[in-house]
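Trainee: I've got a model open and I'd like to learn how to read it. Can you walk me through it?

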Amino acid sequence: MNAKIVTFSSQGDSTLFEYDPATADMDEVNRVIAEYEAKTGAQPFDVATGERIEKITRAQNEVLMVHPIAGG
Amino acid sequence: MWPPFVWRRAEERECHRVAFRVQARVMAMTSPLFSAIVLVLLVGVIGLLKWRLILAGFRGRDLTQTATPPGRVNEGFNSYGLHVLSPGGLSLFRGNSLGGRPITPRVTKEQRAEAFLRRILALTGATKVEGGYVLNVGKVQFQLRDRFIRRLQDPEDPKSPYEETCFYLVHNGMPKAEEIATALLHLSNNPELFDKWALQNGVAFKADGTMFDRCPLIGLR
């Protein structure tokens, strides 16, 4: 079963990309995530636990990129 | 003795005659061969087309008989065997109209957002109360409504002091349910974010509390 990285957007929840956790290069996955965070400010959360994660491992099947919030 | 130009004309005529004869012979030899090749090619193409049509018929029958048991919708795979995902990760071919089965209504982004919000509510332990959402983190209670958050220090005490702030997502256009889900995830992981939102209007913060200085809406509000 593929793992997927999702995010909330103006189109509703969208899958950013999918990968096979058994074979994927997790460094590459984390590099893409880091680039996405640098661009949007979104940080990864494990959808299974609802907790923010520093680094994505093979244990996560679904990761939600949570966007920044401003007060106002 | 013939004059030279008459002799040349006679020679040219003879040449033409010989060339015509050779051409006629070649034509006579090649035209049946050419016709035969064209005929064989045509028969071959027709045969191939027939074979493909028959094969396609068998494949179609196999798909309907084995891949999808009667009365069940073939989830996730379309008639080409491809797994097609919508933006929300839902199959676009759930209701296969070609198979004569009932069509599942298309799920809108708002409905998907509501479904995702329900997952986040379950994860964070938040509840929906009178059009708003209540999240308890330790002794503190957050009450969320559309772009509006209230923090109660002691939810048991109706006279307990409370603070309020507005919030917004730096990337516009997200369904309301996903805005609420985002705020719930932020607060359940890092309740101190509320103070930052309340004190620093218009400054965006990431979930870990660090400032996001590339906010596209900075200066617009």
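**Reading the chains and their contact**

Mentor: Sure. Going along chain B from the N terminus, the elements come in the order α-α-β-β-β-β-β-α-α-β. That adds up to four helices and six strands in chain B. Keep in mind that this is a predicted model.

Trainee: What share of chain B is buried?

Mentor: Of its 221 residues, 27% are buried, going by a cut-off of under 20% relative accessible area. As for the outside, chain B has an accessible surface of about 15,700 Å², and carbon and sulfur atoms account for 61% of that.

Trainee: And what about contacts between residues far along the sequence?

Mentor: Take the contacts in chain B between residues at least 6 apart in sequence: 37% of them join residues at least 24 apart.

Trainee: Now the strands. In what order do the seven strands of the open sheet run?

Mentor: Read across the sheet and you get β1(B)-β2(B)-β3(B)-β4(B)-β5(B)-β6(A)-β6(B), with antiparallel pairing. At the edges sit β1 (127-129) and β6 of chain B, each pairing on one side only. Notice that chain A puts its β6 between β5 and β6 of chain B.

Trainee: Can we zoom in on one pair?

Mentor: Try β3 (residues 140-145) and β4 (residues 148-152) of chain B, an antiparallel pair joined by five bridges. Within that pair, Arg145(B) has Phe148(B) in β4(B) as its bridge partner.

Trainee: How do I think about where side chains point?

Mentor: The general idea is that side chains in a regular strand alternate between the two faces of the sheet.

Trainee: Which strands of chain A form a hairpin?

Mentor: Those are β1(A) and β2(A), with two residues between them. The strands, residues 3-9 and residues 12-19 of chain A, run antiparallel and are joined by seven bridges. To find your place, look for Ile5(A), which stands opposite Phe17(A) in β2(A).

Trainee: Last one: how do I size up the contact between the chains?

Mentor: Start with area, then count residues. About 3,000 Å² is buried between chain B and chain A, 58% of it from carbon and sulfur atoms. Chain B brings 41 residues to the contact and chain A brings 33.

Trainee: How many salt bridges and polar pairs are there between chain B and chain A?

Mentor: There are three salt bridges, one of them between the side chains of Glu62(A) and Arg119(B) at 2.6 Å, N to O. Polar contacts come to 16 residue pairs, both residues being at pLDDT 80 or more. On the chain B side, α2 (109-124), β5 (162-169), α3 (176-189) and β6 (204-205) each supply at least two residues touching chain A.

Note on methods:
Residues numbered from 1 in each chain as written. Chains lettered and ligands numbered in written order. Predicted model: local features only at pLDDT ≥ 70, side-chain atom pairs only at ≥ 80, totals over all residues. Heavy atoms only, no water. Pairing = 2+ DSSP bridges. Buried < 20%, exposed > 50% of the residue type's maximum accessible area, 1.4 Å probe, protein only. Contact = heavy atoms within 4.5 Å. Areas by Shrake-Rupley, 256 points an atom, 1.4 Å probe, with all protein chains shown as cover. Buried area = accessible area lost by both parts, 1.4 Å probe. Salt bridge = Lys/Arg side-chain N within 4 Å of Asp/Glu carboxyl O. Polar contact = N/O pair within 3.5 Å; in protein donor to acceptor, adjacent residues only side chain to side chain.
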